Amino acid sequence: MFSGKILKLRGTLAFRLTLWYAGIFAVFSGVAFLLFYTLITSVLQERVDQELLGQVQRFSVLLATEGVEAVNNSAVIEAQAAGVKKVFFRLLNLNGEAFSSSNMSYWKDIAVDGRAIEELLRSQTPFTQTIVIPNRRERIRILYAMLSPTTIAQVGEAMESQSVFVEAFRKIFFTTMSLLILVAAGIGWFMARRAVSGVEAVTRAARNISAGSLQERVPVKPTGDEIDQLATTFNQMLDRIQTLLTEIKEMNDNIAHDLRSPVARIRGLAEVTLTGGKSLGDYEIMAASTIEECDRLLDLINTMLVIAKMEAGVEKFPNDEIDISALVHKACELFEPMADDKKVALKCRMPEKVLLVGDVRMLQRMLSNILDNAVKYTPSGGTVEISLSESGQHDVIISIRDTGVGISATDLPHIFERFYRCDRSRSQPGTGLGLSLARAIARAHGGDIRVTSTPDQGSTFSIILPKRVEV
Ligand code: ADP
């Protein structure tokens with residue numbers, strides 16, 4: 001069970017972030033340690049080299065002024081003063097054979113390096129090297145230099161203090177590094193947990209939602225960081241889903257309600273037919289009524305399908321070049337008889353020719369739905385005015401203004417919803433789909449429909465259409 005938990009932990013983002021954090025910390029501290037170590041050792045070595053060179057220079061002067069014996073005596077005294085285990089010297093001839101030296105009992109393992117002599121004779125500049133004697137911890141720095149044209153000095157110094165320093169440095173480094181990496185991992189874990197806690201809250205909310213509670217929301221802190229933005233976006237998405245679900249539910253209720261009435265009427269007609277004893281004329285009337293109801297039902301279903309297709313935007317519609325001015329004019333002519341019957345004045349003011357690209361049939365449908373409403377909801381004596389204007393270089397605005405019953409402020413935001421009918425218009429025939437379809441068509445053409453209305457004074461519907469848009 002424990003190993004299962006570890007495995008689960010290994011897959012988490014917090015764990016990986018912690019590893020990264022500790023890893024990067026370890027690499028950077030290691031690099032810093034190496035740089036520091038190299039710097040310190042080279043400074044220490046430089047110091048030892050300077051000491052050895054100084055020694056050799058003193059010997060050189062002594063050799064020139066007082067001879068080999070004086071050099072020998074001085075070297076032995078200096079070696080003893082510094083400590084037999086600290087420094088040594090040898091005087092060599094050009095073949096590398098020692099003819100004089102300090103007490104070498106401690107240094108007997110150190111031979112004369114023939115390669116160093118060769119190099120010294122070739123370059124005539126002091127030659128240095130660092131050697132390690134097996135089984136001894138300290139390193140020894142050795143300098144070969146010319147004391148005179150025939151005498152070579154080999155001087156060595158134990159770099160004990162450097163070795164002690166480096167050893168202590170290494171110990172301190174590894175102890176503090178291990179502690180610091182642990183602390184870094186702890187801090188990394190804490191920070192990573194804090195960072196992902198927001199993501200976990202979103203995940204928890206998503207889990208609860210998939211378990212059925214769509215009311216759940218992710219708590220948003222006022223920090224405005226990326227996690228809060230994620231939470232806000234997630235909550236907005238949930239709001240949208242909830243609204244959509246409510247709309248779908250309402251639409252389903254409406255569809256059920258609006259389809260039930262014609263079906264019930266068709267069933268009623270069929271029932272009456274079954275009771276028998278009617279004349280042929282009665283049967284003919286009933287059959288005609290059934291066909292009429294079926295047509296209405298089919299029309300309703302077809303309209304719903306067209307709206308759904310338009311809103312989904314999945315279907316490509318024809319891109320005809322249309323003279324919209326002529327199209328609106330024709331629509332007005334079609335509605336003139338209906339307006340005359342109702343004694344409503346229909347005024348149509350159109351500019352010469354305005355071209356746009358779109359689907360003729362759909363645009364005709366959109367116009368006739370709005371014109372039909374304008375005439376339908378305007379009582380006798382009223383007026384319906386249609387005008388067309390160009391807005392800027394790109395848009396066309398078709399305005400349909402009536403002096404009809406108007407729409408109340410409470411109904412206005414809903415009139416474009418499917419099956420929505422204002423209470424005062426229920427006496428008029430209609431399905432409640434006309435405006436939904438009109439707006440879906442306008443939007444599929446890249447436009448929209450706006451409306452302003454005052455109850456009992458009239459309404460103005462403005463259709464905005466871009467001149468050129470792919471549909
Ligand atoms: P309907 O088939 O009922 O006309 P619509 O979708 O075309 O359905 O219109 C929705 C509702 O908007 C109508 O029922 C009516 O109440 C209101 N409406 C639409 N156009 C007008 C208008 N020009 N004047 C007043 N009310 C209108």
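These legends walk through close-up views of the ligand site in a predicted model.

Residues are numbered from 1 along each chain as its sequence is written, and side-chain values use heavy atoms, with hydrogens and water left out. Because this is a predicted model, local features need pLDDT of at least 70 and side-chain atom pairs count only at pLDDT 80 or more, while totals for chains, interfaces and linings use all residues.

**View 1. Meet the residues around the ligand.** The ligand has 21 residues around it, and those that come nearest are Asn373, Tyr377, Arg421, Ser425 and Leu435 (a residue is near if one of its heavy atoms lies within 4 Å). By type, this shell holds ten nonpolar, eight polar and three charged residues (Asp, Glu, Lys and Arg count as charged; Ala, Val, Leu, Ile, Met, Phe, Trp, Tyr, Cys and Pro as nonpolar; the others, Gly among them, as polar).

**View 2. Polar partners of the ligand's oxygen atoms.** The side chain of Asn373 places an N or O atom 2.8 Å from a ligand oxygen. From the backbone, an N or O atom of Leu435 lies 2.9 Å from an oxygen atom of the ligand, and a polar atom of Gly434 is 3.3 Å from a ligand oxygen. A polar contact here is a pair of N or O atoms within 3.5 Å.

**View 3. Confidence along the chain.** The average pLDDT (the predictor's confidence in each residue, from 0 to 100) is 86, and 97% of the residues score at least 70.

Key:
Polar contact = N/O pair within 3.5 Å; in protein donor to acceptor, adjacent residues only side chain to side chain.
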